[in-house]
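This report introduces a structure to a reader who has not met it before. It takes up helix packing and then the surroundings of the ligand.

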Amino acid sequence: MNIKQTGHLIKTPKFRPRRLRATEAIRSMVRETKLLPSDLIYPIFAVNGTGRKEPIEPLPGINRLSVDYILEKAGEVRALGIPALLLFGIPAYKDARGSAASDPEEAVQRAISAIKERFPEILVITDLCLCEYTDHGHCGVVEDGRVDNDKTLEVLLEAALSHARAGADIVAPSDMMDGRVAAIRAGLDQEGFCETAILSYAVKYASAFYGPFREAVGSAPRHGCRRSYQMDPGNVREALKEAALDVEEGADMIMVKPALSYLDVIRAVREEVNLPLAAYNVSGEYAMVKAAAENGWIDEQKVIMEQLFSMKRAGADLIITYHALDVARWLNDF
Ligand code: PBG
(Lines give C-alpha, C1' and ligand atoms only; values in the text may rest on other atoms or scores of the structure.)
Protein backbone atom coordinates (compact mmCIF):
# COMPACT_ATOMS: atom_id res chain seq x y z
CA MET A 1 0.00 0.00 0.00
CA ASN A 2 1.25 3.48 -0.85
CA ILE A 3 1.80 5.76 2.15
CA LYS A 4 0.35 8.78 0.34
CA GLN A 5 -2.89 6.97 -0.40
CA THR A 6 -3.45 5.93 3.19
CA GLY A 7 -3.04 9.56 4.39
CA HIS A 8 -2.91 10.51 8.03
CA LEU A 9 -4.04 7.20 9.38
CA ILE A 10 -0.65 5.58 9.21
CA LYS A 11 1.64 8.56 9.64
CA THR A 12 2.47 7.22 13.08
CA PRO A 13 2.34 3.49 12.60
CA LYS A 14 1.73 2.70 16.26
CA PHE A 15 -1.62 4.54 16.13
CA ARG A 16 -2.85 2.59 13.20
CA PRO A 17 -4.25 -0.48 14.88
CA ARG A 18 -5.99 1.64 17.50
CA ARG A 19 -7.59 3.97 14.94
CA LEU A 20 -8.75 1.04 12.90
CA ARG A 21 -10.22 -0.73 15.88
CA ALA A 22 -12.11 2.40 16.94
CA THR A 23 -13.42 2.85 13.42
CA GLU A 24 -14.69 -0.71 13.32
CA ALA A 25 -16.22 -0.35 16.78
CA ILE A 26 -18.10 2.78 15.67
CA ARG A 27 -19.22 1.10 12.50
CA SER A 28 -20.51 -1.80 14.52
CA MET A 29 -22.23 0.49 17.06
CA VAL A 30 -24.14 2.43 14.43
CA ARG A 31 -24.89 -0.51 12.15
CA GLU A 32 -28.60 -0.47 11.38
CA THR A 33 -28.90 -4.23 11.37
CA LYS A 34 -27.39 -6.43 14.06
CA LEU A 35 -26.40 -10.03 13.63
CA LEU A 36 -25.78 -11.97 16.84
CA PRO A 37 -25.18 -15.62 17.75
CA SER A 38 -28.54 -15.43 19.55
CA ASP A 39 -30.25 -14.93 16.15
CA LEU A 40 -29.12 -18.34 14.93
CA ILE A 41 -30.65 -21.81 14.89
CA TYR A 42 -28.45 -24.79 14.01
CA PRO A 43 -29.99 -27.77 12.11
CA ILE A 44 -28.89 -31.29 13.07
CA PHE A 45 -29.55 -34.61 11.27
CA ALA A 46 -30.14 -37.35 13.84
CA VAL A 47 -29.54 -41.06 13.11
CA ASN A 48 -30.06 -44.14 15.29
CA GLY A 49 -27.25 -46.05 16.99
CA THR A 50 -24.01 -44.78 18.50
CA GLY A 51 -20.66 -43.67 17.17
CA ARG A 52 -22.20 -42.62 13.85
CA LYS A 53 -20.91 -39.52 12.13
CA GLU A 54 -21.64 -39.76 8.42
CA PRO A 55 -20.64 -36.98 6.05
CA ILE A 56 -23.28 -35.62 3.69
CA GLU A 57 -21.55 -35.06 0.38
CA PRO A 58 -23.33 -31.93 -0.85
CA LEU A 59 -23.20 -30.36 2.64
CA PRO A 60 -19.49 -30.25 3.51
CA GLY A 61 -18.97 -29.94 7.27
CA ILE A 62 -22.44 -31.31 8.10
CA ASN A 63 -22.86 -34.93 9.21
CA ARG A 64 -25.63 -37.31 10.11
CA LEU A 65 -25.02 -37.79 13.82
CA SER A 66 -26.00 -40.35 16.43
CA VAL A 67 -27.03 -39.12 19.88
CA ASP A 68 -23.51 -39.26 21.40
CA TYR A 69 -22.16 -36.97 18.68
CA ILE A 70 -25.25 -34.76 18.87
CA LEU A 71 -24.47 -34.09 22.53
CA GLU A 72 -20.96 -33.07 21.54
CA LYS A 73 -22.39 -30.61 19.00
CA ALA A 74 -24.93 -29.33 21.50
CA GLY A 75 -22.03 -28.48 23.84
CA GLU A 76 -20.40 -26.44 21.06
CA VAL A 77 -23.68 -24.72 20.26
CA ARG A 78 -24.15 -23.69 23.87
CA ALA A 79 -20.56 -22.46 24.25
CA LEU A 80 -21.01 -20.27 21.16
CA GLY A 81 -24.19 -18.63 22.46
CA ILE A 82 -26.53 -20.17 19.86
CA PRO A 83 -29.88 -20.60 21.61
CA ALA A 84 -31.54 -23.35 19.59
CA LEU A 85 -31.17 -26.55 17.57
CA LEU A 86 -33.50 -27.82 14.86
CA LEU A 87 -33.65 -31.62 14.71
CA PHE A 88 -34.34 -33.75 11.63
CA GLY A 89 -34.54 -37.53 11.82
CA ILE A 90 -33.33 -40.31 9.58
CA PRO A 91 -35.38 -43.26 10.83
CA ALA A 92 -34.47 -46.96 11.02
CA TYR A 93 -37.55 -47.86 8.95
CA LYS A 94 -39.96 -46.20 6.53
CA ASP A 95 -43.54 -47.16 5.70
CA ALA A 96 -46.53 -45.73 3.82
CA ARG A 97 -47.89 -43.92 6.88
CA GLY A 98 -44.57 -42.62 8.22
CA SER A 99 -45.08 -44.44 11.55
CA ALA A 100 -41.46 -43.95 12.64
CA ALA A 101 -42.19 -40.22 12.99
CA SER A 102 -43.90 -40.86 16.33
CA ASP A 103 -41.82 -43.80 17.53
CA PRO A 104 -40.40 -42.94 20.99
CA GLU A 105 -37.35 -45.12 20.30
CA GLU A 106 -36.41 -43.25 17.12
CA ALA A 107 -33.40 -40.98 16.66
CA VAL A 108 -35.20 -37.64 17.06
CA GLN A 109 -37.10 -38.57 20.21
CA ARG A 110 -33.96 -39.98 21.84
CA ALA A 111 -31.92 -36.96 20.78
CA ILE A 112 -34.50 -34.57 22.27
CA SER A 113 -34.43 -36.19 25.70
CA ALA A 114 -30.64 -36.55 25.74
CA ILE A 115 -30.13 -32.88 24.86
CA LYS A 116 -32.71 -31.61 27.35
CA GLU A 117 -31.22 -33.75 30.09
CA ARG A 118 -27.63 -32.58 29.53
CA PHE A 119 -28.31 -29.00 28.35
CA PRO A 120 -31.76 -27.96 29.61
CA GLU A 121 -31.11 -24.36 28.54
CA ILE A 122 -30.76 -25.24 24.83
CA LEU A 123 -34.05 -24.85 22.99
CA VAL A 124 -34.90 -27.96 21.04
CA ILE A 125 -36.96 -27.40 17.91
CA THR A 126 -38.15 -30.42 15.93
CA ASP A 127 -39.00 -30.51 12.25
CA LEU A 128 -42.43 -32.03 11.96
CA CYS A 129 -42.93 -33.67 8.59
CA LEU A 130 -43.47 -37.13 7.18
CA CYS A 131 -41.23 -37.05 4.11
CA GLU A 132 -38.24 -38.50 5.98
CA TYR A 133 -40.48 -41.28 7.34
CA THR A 134 -42.66 -42.36 4.42
CA ASP A 135 -41.48 -44.95 1.90
CA HIS A 136 -42.92 -42.86 -0.95
CA GLY A 137 -41.14 -39.68 0.22
CA HIS A 138 -44.22 -37.45 0.35
CA CYS A 139 -44.95 -35.17 3.29
CA GLY A 140 -48.23 -36.87 4.07
CA VAL A 141 -50.39 -39.98 3.89
CA VAL A 142 -50.96 -40.92 0.23
CA GLU A 143 -54.37 -42.26 -0.83
CA ASP A 144 -55.22 -43.02 -4.46
CA GLY A 145 -52.02 -41.35 -5.57
CA ARG A 146 -52.79 -38.09 -3.73
CA VAL A 147 -51.70 -36.72 -0.38
CA ASP A 148 -54.71 -36.87 1.96
CA ASN A 149 -54.69 -33.65 3.95
CA ASP A 150 -56.84 -34.66 6.92
CA LYS A 151 -55.37 -38.14 7.44
CA THR A 152 -51.95 -36.48 7.42
CA LEU A 153 -53.03 -34.13 10.21
CA GLU A 154 -53.69 -37.10 12.50
CA VAL A 155 -50.25 -38.59 11.88
CA LEU A 156 -48.56 -35.21 12.31
CA LEU A 157 -50.29 -34.69 15.63
CA GLU A 158 -49.08 -38.09 16.86
CA ALA A 159 -45.53 -37.07 15.90
CA ALA A 160 -45.90 -33.66 17.57
CA LEU A 161 -47.09 -35.31 20.78
CA SER A 162 -44.20 -37.76 20.77
CA HIS A 163 -41.75 -34.86 20.39
CA ALA A 164 -43.45 -32.93 23.19
CA ARG A 165 -43.37 -35.99 25.48
CA ALA A 166 -39.64 -36.35 24.81
CA GLY A 167 -39.19 -32.72 25.89
CA ALA A 168 -39.18 -30.63 22.68
CA ASP A 169 -39.63 -26.91 23.36
CA ILE A 170 -40.87 -26.00 19.90
CA VAL A 171 -42.37 -28.12 17.11
CA ALA A 172 -41.98 -26.91 13.55
CA PRO A 173 -44.54 -28.32 11.09
CA SER A 174 -42.99 -28.22 7.61
CA ASP A 175 -45.51 -30.29 5.67
CA MET A 176 -47.69 -27.43 4.32
CA MET A 177 -50.98 -29.30 4.90
CA ASP A 178 -54.01 -27.07 5.47
CA GLY A 179 -55.16 -26.61 9.05
CA ARG A 180 -52.17 -28.28 10.63
CA VAL A 181 -51.24 -25.49 13.03
CA ALA A 182 -54.75 -25.46 14.53
CA ALA A 183 -54.85 -29.26 14.74
CA ILE A 184 -51.43 -29.49 16.40
CA ARG A 185 -52.18 -26.63 18.82
CA ALA A 186 -55.46 -28.20 19.92
CA GLY A 187 -53.89 -31.65 20.27
CA LEU A 188 -50.93 -30.38 22.28
CA ASP A 189 -53.17 -28.35 24.61
CA GLN A 190 -55.46 -31.29 25.16
CA GLU A 191 -52.53 -33.40 26.37
CA GLY A 192 -51.30 -30.62 28.65
CA PHE A 193 -48.46 -29.39 26.44
CA CYS A 194 -49.71 -25.80 26.50
CA GLU A 195 -46.17 -24.48 26.66
CA THR A 196 -44.85 -26.33 23.65
CA ALA A 197 -44.57 -23.61 21.03
CA ILE A 198 -45.22 -23.89 17.29
CA LEU A 199 -42.82 -22.49 14.72
CA SER A 200 -44.74 -22.86 11.51
CA TYR A 201 -43.08 -23.27 8.12
CA ALA A 202 -45.84 -20.93 6.99
CA VAL A 203 -44.32 -19.85 3.69
CA LYS A 204 -42.55 -22.73 2.03
CA TYR A 205 -41.84 -22.65 -1.68
CA ALA A 206 -41.55 -25.66 -3.98
CA SER A 207 -37.83 -25.09 -4.37
CA ALA A 208 -34.90 -26.78 -6.09
CA PHE A 209 -32.73 -25.40 -3.28
CA TYR A 210 -33.79 -28.35 -1.03
CA GLY A 211 -31.87 -30.82 -3.24
CA PRO A 212 -28.93 -31.49 -0.88
CA PHE A 213 -31.29 -31.88 2.10
CA ARG A 214 -33.29 -34.55 0.30
CA GLU A 215 -30.06 -36.39 -0.41
CA ALA A 216 -29.11 -36.08 3.28
CA VAL A 217 -32.33 -37.66 4.54
CA GLY A 218 -33.29 -39.74 1.49
CA SER A 219 -36.65 -37.99 1.12
CA ALA A 220 -36.92 -37.19 -2.59
CA PRO A 221 -40.48 -38.20 -3.62
CA ARG A 222 -40.52 -41.58 -5.43
CA HIS A 223 -43.29 -40.29 -7.70
CA GLY A 224 -44.77 -36.90 -8.45
CA CYS A 225 -43.52 -33.75 -6.79
CA ARG A 226 -44.42 -31.47 -3.92
CA ARG A 227 -45.93 -28.73 -6.01
CA SER A 228 -49.47 -29.56 -4.92
CA TYR A 229 -48.67 -28.53 -1.33
CA GLN A 230 -45.63 -26.24 -1.58
CA MET A 231 -45.82 -22.74 -3.00
CA ASP A 232 -45.17 -21.47 -6.52
CA PRO A 233 -42.00 -19.31 -6.64
CA GLY A 234 -43.88 -16.69 -8.64
CA ASN A 235 -46.24 -15.88 -5.77
CA VAL A 236 -45.99 -13.37 -2.97
CA ARG A 237 -49.63 -12.54 -2.16
CA GLU A 238 -50.12 -16.22 -1.48
CA ALA A 239 -47.29 -16.01 1.07
CA LEU A 240 -49.18 -13.34 2.96
CA LYS A 241 -52.30 -15.48 2.91
CA GLU A 242 -50.45 -18.56 4.20
CA ALA A 243 -48.79 -16.52 6.92
CA ALA A 244 -52.09 -14.94 8.01
CA LEU A 245 -53.77 -18.37 8.22
CA ASP A 246 -51.02 -19.74 10.44
CA VAL A 247 -51.19 -16.68 12.70
CA GLU A 248 -54.94 -17.18 13.03
CA GLU A 249 -54.50 -20.88 13.77
CA GLY A 250 -52.19 -20.11 16.69
CA ALA A 251 -48.60 -20.25 15.44
CA ASP A 252 -46.11 -18.68 17.86
CA MET A 253 -43.49 -17.95 15.20
CA ILE A 254 -43.46 -18.31 11.45
CA MET A 255 -40.89 -19.02 8.80
CA VAL A 256 -40.09 -18.18 5.21
CA LYS A 257 -38.14 -20.81 3.30
CA PRO A 258 -35.82 -20.69 1.35
CA ALA A 259 -34.25 -17.35 2.26
CA LEU A 260 -31.98 -15.88 -0.39
CA SER A 261 -34.25 -15.99 -3.43
CA TYR A 262 -37.17 -14.82 -1.27
CA LEU A 263 -35.88 -11.74 0.53
CA ASP A 264 -38.79 -9.71 -0.85
CA VAL A 265 -41.17 -12.26 0.65
CA ILE A 266 -39.45 -11.98 4.05
CA ARG A 267 -39.88 -8.20 3.85
CA ALA A 268 -43.53 -8.45 2.82
CA VAL A 269 -44.37 -10.94 5.58
CA ARG A 270 -42.46 -8.84 8.12
CA GLU A 271 -44.65 -5.86 7.30
CA GLU A 272 -47.91 -7.77 7.73
CA VAL A 273 -47.22 -10.10 10.64
CA ASN A 274 -46.23 -9.24 14.18
CA LEU A 275 -44.95 -12.67 15.20
CA PRO A 276 -41.25 -13.51 15.35
CA LEU A 277 -40.09 -14.36 11.84
CA ALA A 278 -37.44 -16.92 10.90
CA ALA A 279 -35.66 -17.30 7.55
CA TYR A 280 -34.39 -20.73 6.54
CA ASN A 281 -31.03 -20.50 4.76
CA VAL A 282 -31.54 -23.91 3.13
CA SER A 283 -29.22 -26.70 2.04
CA GLY A 284 -28.84 -25.63 -1.61
CA GLU A 285 -27.88 -22.11 -0.55
CA TYR A 286 -25.24 -23.57 1.77
CA ALA A 287 -23.96 -26.03 -0.86
CA MET A 288 -23.44 -23.28 -3.47
CA VAL A 289 -21.36 -21.15 -1.11
CA LYS A 290 -19.29 -24.14 0.03
CA ALA A 291 -18.61 -25.31 -3.53
CA ALA A 292 -17.50 -21.89 -4.73
CA ALA A 293 -15.39 -21.31 -1.61
CA GLU A 294 -13.68 -24.69 -1.94
CA ASN A 295 -12.65 -23.69 -5.43
CA GLY A 296 -11.24 -20.41 -4.12
CA TRP A 297 -13.74 -18.46 -6.21
CA ILE A 298 -15.28 -16.45 -3.37
CA ASP A 299 -14.30 -15.33 0.12
CA GLU A 300 -16.41 -17.72 2.19
CA GLN A 301 -16.63 -15.72 5.41
CA LYS A 302 -17.46 -12.42 3.70
CA VAL A 303 -20.05 -13.97 1.43
CA ILE A 304 -21.80 -15.78 4.28
CA MET A 305 -21.88 -12.70 6.50
CA GLU A 306 -23.25 -10.61 3.64
CA GLN A 307 -25.96 -13.18 2.98
CA LEU A 308 -26.99 -13.39 6.62
CA PHE A 309 -27.10 -9.60 6.89
CA SER A 310 -29.39 -9.50 3.87
CA MET A 311 -31.85 -11.80 5.65
CA LYS A 312 -31.83 -9.69 8.79
CA ARG A 313 -32.16 -6.50 6.73
CA ALA A 314 -35.15 -7.99 4.94
CA GLY A 315 -36.81 -8.43 8.34
CA ALA A 316 -35.95 -11.88 9.71
CA ASP A 317 -35.53 -12.08 13.48
CA LEU A 318 -34.03 -15.56 13.40
CA ILE A 319 -31.95 -17.45 10.85
CA ILE A 320 -31.83 -21.22 10.56
CA THR A 321 -28.49 -21.96 8.94
CA TYR A 322 -25.96 -24.77 8.49
CA HIS A 323 -23.33 -21.99 8.80
CA ALA A 324 -24.44 -21.22 12.38
CA LEU A 325 -21.35 -22.56 14.17
CA ASP A 326 -18.91 -20.75 11.87
CA VAL A 327 -20.88 -17.52 11.99
CA ALA A 328 -21.14 -17.57 15.79
CA ARG A 329 -17.38 -18.19 15.99
CA TRP A 330 -16.68 -15.25 13.67
CA LEU A 331 -19.04 -13.00 15.62
CA ASN A 332 -17.53 -14.04 18.95
CA ASP A 333 -13.97 -13.50 17.67
CA PHE A 334 -14.58 -9.96 16.60
C1 PBG B 1 -39.36 -31.21 5.17
C2 PBG B 1 -38.24 -30.26 5.07
C3 PBG B 1 -37.41 -30.03 3.96
C4 PBG B 1 -36.47 -29.08 4.38
C5 PBG B 1 -36.73 -28.77 5.70
N6 PBG B 1 -37.84 -29.50 6.10
C7 PBG B 1 -37.41 -30.67 2.64
C8 PBG B 1 -38.50 -30.49 1.70
O9 PBG B 1 -39.46 -29.74 1.90
O10 PBG B 1 -38.43 -31.17 0.69
C11 PBG B 1 -35.39 -28.54 3.53
C12 PBG B 1 -34.28 -27.86 4.27
C13 PBG B 1 -33.05 -27.62 3.47
O14 PBG B 1 -33.03 -27.73 2.22
O15 PBG B 1 -32.06 -27.29 4.09
N16 PBG B 1 -39.11 -32.19 6.12
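## Helix pairs and ligand surroundings

In this predicted model, helices α3 and α4 are oblique to each other, because an angle counts as oblique when it falls outside the ranges under 35 degrees, over 145 degrees and 65 to 115 degrees, and the axes of α3 (residues 67-79) and α4 (residues 107-118) cross at roughly 40° while coming within 10 Å. The crossing in which α3 passes α4 is right-handed. On the α3 side the contact is formed by Val67, Ile70, Leu71 and Ala74, and on the α4 side by Ala107, Arg110, Ala111, Ala114, Ile115 and Arg118. Sorted by class, this contact of α3 with α4 holds eight nonpolar and two charged residues, with no polar ones.

A second pair is formed by α8 (residues 237-249) and α9 (residues 263-272), whose axes lie 10 Å apart and pack at an angle of about 45°, which makes α8 oblique to α9. Here α8 passes α9 in a right-handed crossing. Ala239, Leu240 and Ala243 of α8 meet Val265, Ala268, Val269 and Glu272 of α9, and the residues of this contact comprise six nonpolar, no polar and one charged.

Turning to the ligand, 19 residues surround it, and those that come nearest are Lys204, Arg214, Lys257, Ser283 and Tyr322. The table lists distances from an oxygen atom of the ligand to a polar side-chain atom of three residues.

| Residue | Distance to a ligand oxygen atom |
|---|---|
| Arg214 | 2.6 Å |
| Gln230 | 3.1 Å |
| Tyr322 | 2.5 Å |

Conventions
Residues are numbered from 1 along each chain as its sequence is written. This is a predicted model: local features need pLDDT of at least 70, side-chain atom pairs count only at pLDDT 80 or more; totals for chains, interfaces and linings use all residues. Side-chain values use heavy atoms; hydrogens and water are left out. Axes are lines fitted to C-alpha atoms, for helices over the stretch in contact, and angles run from 0 to 180 degrees between N-to-C directions. Helices (H or I, at least four residues) and strands (E, at least two) are DSSP runs, numbered from the N terminus. A crossing is left-handed if the near helix is turned anticlockwise from the far one by less than a right angle, and right-handed if clockwise. Contact means heavy atoms within 4.5 Å. Ala, Val, Leu, Ile, Met, Phe, Trp, Tyr, Cys and Pro count as nonpolar, Asp, Glu, Lys and Arg as charged, and the others, Gly among them, as polar. A residue is near a molecule or strand if one of its heavy atoms lies within 4 Å of it. A polar contact is a pair of N or O atoms within 3.5 Å; within protein, one must be able to donate a hydrogen and the other to accept it, and residues adjacent in sequence count only if both atoms are side-chain atoms.
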